[in-house]
Amino acid sequence: MKYLSDILDGLAFTELQGSADMEISAIVFDSRKVEPNCLFVAVKGTQVDGHDYIEQAISMGAVAVICEELPAHVTGEVDFFMVADSSIALGIVAANFYDNPSSKLKLVGVTGTNGKTTIATLLYKLFYDLGYKCGLLSTVENQINGQVVTATHTTPDPVVLNMLLAEMVEKGCDYCFMEVSSHAVVQHRIEGLKFTGAIFSNLTHDHLDYHKTFDSYRDAKKAFFDYLPKNAFALTNADDKNGMVMLQNTIAHKKSYGMKNMADYRAKIIENQFSGLFLNIDGEEVWFKLVGTFNAYNLLAVYSAAMLLEQDKAKVLVSLSKLTGARGRFDYVIAANGTIGIVDYAHSPDAVQNILSTVHDVRKGKEKVITVLGCGGDRDKTKRPIMARVACEWSDKVIFTSDNPRSEDPAQIIKDMEEGVDPAFKRHTMSIVDRREAIKVAVNLAQPGDIVVIAGKGHEKYQEIKGVRTHFDDKEELMAIFDQMK
Ligand SMILES: CC(=O)N[C@H]1[C@@H](OP(=O)(O)OP(=O)(O)OC[C@H]2O[C@@H](n3ccc(=O)[nH]c3=O)[C@H](O)[C@@H]2O)O[C@H](CO)[C@@H](O)[C@@H]1O[C@H](C)C(=O)N[C@@H](C)C(=O)N[C@H](CCC(=O)O)C(=O)O
Ligand SMILES: Nc1ncnc2c1ncn2[C@@H]1O[C@H](COP(=O)(O)OP(=O)(O)OP(=O)(O)O)[C@@H](O)[C@H]1O
């Protein structure tokens, strides 16, 4: 329980009814989850308007309401507070309700199209290894000093977010590393948080179903940097076209990392093999367990952030050299006959290109690359032919299949992908709607030493068809087929 007047601290509002003199049990923004004595925040959404549910929330026990407009009929003794933007207000009151946990630990946010999970996870593992108590908020999972908490979003809603941060504070965490998605920035899920630092990885074509244009997608990422306080660090990728744009209006300390352009922290790839990366990083030559050029960037971002967080250089490099990446990211298994299977979460054109070009860079000779790829339903349709084209450009054979078709017809999604295939390459492609079958066929087509890349689902443990999720795990499937080959 917390006093309403404390919860409203720092919020600009017009009080329409009531005195804010009461105890509040919870902050709720979904009328279906209302509990007695809670504060209900009415948020305008993409599907419906939370303002239409104010009466329902009150009838179920809400005692105070934050809204942008008053409902037509109000019954009962309820406090009303009018604000300009309820989603901003939600972030502020959620942070207040949980005693502003972000100001009690060092919170570092990672944004960008690709690499967020890898960078945040590596930072978490690194600081854990350095002896700190840490938290992680990521697409794959949340962690509170070693305890795994299931993740539903890349960046959770403000209530869950502050609740998790408060739990981290309670468990004595010194740091939290979190992914900041562009959806979260636009929807103000991070409002009210105090960041110690922000990291930008890169920006490419993705999520245009939501943001509509590339410019507004970029602006969403940039808004995170604009939001940083003066004493935070704003760390960007100097080699990315949009890297410097991120820093333009920020008042935070501007820092950069890069392998090509001038940057505060620099690295150079000496060797890039299946067994790992050999880098000259900030003047030191070190072998790392991660594979591929994009991971050299991820490692450099992590190293730079650790330096900005004033960690010891030698200790950081020793710890980093021992670490493996996040689950389902360049996750590979080798069959008894030498066929290599790689499971990767690449689900944007750029990520597909990165994973496949990495495979080309690290393969020893002329082994064939067979790619299994699908595109999600009810998401950005424009990327389907592009992802297919990229996969074909970088593979010897491509099998198109399903990847969470959701409410869409999987065969139609595959047809959309096929539009991107060069007619000359068509005979090297196949379309198999059943993902299990597609993986099986890909492995059967492979000769010893060939590389089967299963892209798109990474760590995910389900396939969503017509709104129903059934268990499906690419790595499990791959290992079962490899076992049968023994
Ligand atoms: C498109 C999108 O991001 N939607 C998010 C958004 O939902 P919405 O705007 O559609 O909500 P809505 O259904 O219109 O409802 C509006 C308001 O009315 C309320 N309501 C609704 C119905 C009712 O009966 N009573 C009621 O009070 C709702 O609680 C809400 O406050 O706000 C919700 C609450 O925070 C989120 O759960 C929801 O995420 C959905 C589930 C989602 O799938 N989001 C994805 C796209 C997302 O956010 N992804 C990014 C990662 C992207 C990436 O990098 O891969 C992420 O950070 O996870
Ligand atoms: N720095 C990078 N640059 C480009 N591609 C990358 C980078 N890091 C990872 N990738 C590719 O993108 C995929 C997703 O990586 P990761 O999960 O770390 O990114 P993400 O930003 O968290 O993505 P998402 O929000 O979709 O989970 C990886 O499987 C890999 O193929």
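**Exercise 1. Place I340 in the fold and decide whether I340 is buried or exposed.**

Step 1. I340 belongs to strand β20, residues 340–344. Helices (H or I, at least four residues) and strands (E, at least two) are DSSP runs numbered from the N terminus.

Step 2. I340 has 20 C-beta neighbours inside 10 Å, so I340 counts as buried. The rule is that a residue with 20 or more other C-beta atoms within 10 Å of its own is buried, one with 12 or fewer is exposed, and one in between is partly exposed; C-beta atoms are placed from the backbone.

Step 3. Leaving out residues up to four places away in sequence, I340 touches Y332, I334 and I451. Contact means that the two C-beta atoms, placed from the backbone, lie within 7 Å.

Step 4. I340 and G449 are 109 residues apart in sequence, yet their C-alpha atoms are 6.4 Å apart.

The model is predicted: local features need pLDDT of at least 70, side-chain atom pairs count only at pLDDT 80 or more, and totals for chains, interfaces and linings use all residues. Residues are numbered from 1 along each chain as its sequence is written, while chains are lettered from A and ligands numbered from 1 in the order in which they are written.

**Exercise 2. Describe how domain 1 meets domain 2.**

Step 1. The chain divides into domain 1 (2–97), domain 2 (100–322) and domain 3 (331–484); these bounds come from an automatic or database domain assignment.

Step 2. Taken over C-alpha atoms, the centres of domain 1 and domain 2 are 33 Å apart.

Step 3. In the contact, 10 residues of domain 1 meet 12 residues of domain 2. Helix α3 (residues 86–97) gives the most to the domain 1 side, with nine residues.

Step 4. That side has seven nonpolar, three polar and no charged residues. Here Ala, Val, Leu, Ile, Met, Phe, Trp, Tyr, Cys and Pro count as nonpolar, Asp, Glu, Lys and Arg as charged, and the others, Gly among them, as polar.

**Exercise 3. Which residues come nearest to ligand 1, and which to ligand 2?**

Step 1. Ligand 1 has 20 residues around it, of which D30, G45, Q47, H153 and S181 come nearest. A residue is near a molecule if its C-beta atom, placed from the backbone, lies within 6 Å of it.

Step 2. The shell around ligand 1 holds six nonpolar, 11 polar and three charged residues. Domain 1 and domain 2 each supply at least three residues to this shell.

Step 3. For ligand 2, the nearest of the 23 surrounding residues are N114, G115, K116, T117 and T118. Elements giving two or more residues to the shell are α4 (116–129), α10 (293–308) and α12 (349–362).

Step 4. Because domain 2 and domain 3 both give residues to its shell, ligand 2 lies between them.

**Exercise 4. Where do the annotated residues D403 and E460 lie?**

Step 1. An unreviewed UniProt entry gives the annotation "binding site" to R379, D403, N404, P405, R406, G456 and E460. UniProt positions follow the numbering used here, feature names are shortened, and annotations may be inferred rather than shown by experiment.

Step 2. D403 sits in the loop between β22 (397–400) and α14 (410–418). With 26 other C-beta atoms within 10 Å, D403 is buried.

Step 3. Outside four places in sequence, D403 touches G374, C375, G376, G456 and K457.

Step 4. E460 is in the loop between β24 (451–455) and β25 (462–465). E460 is buried because 21 other C-beta atoms lie within 10 Å.
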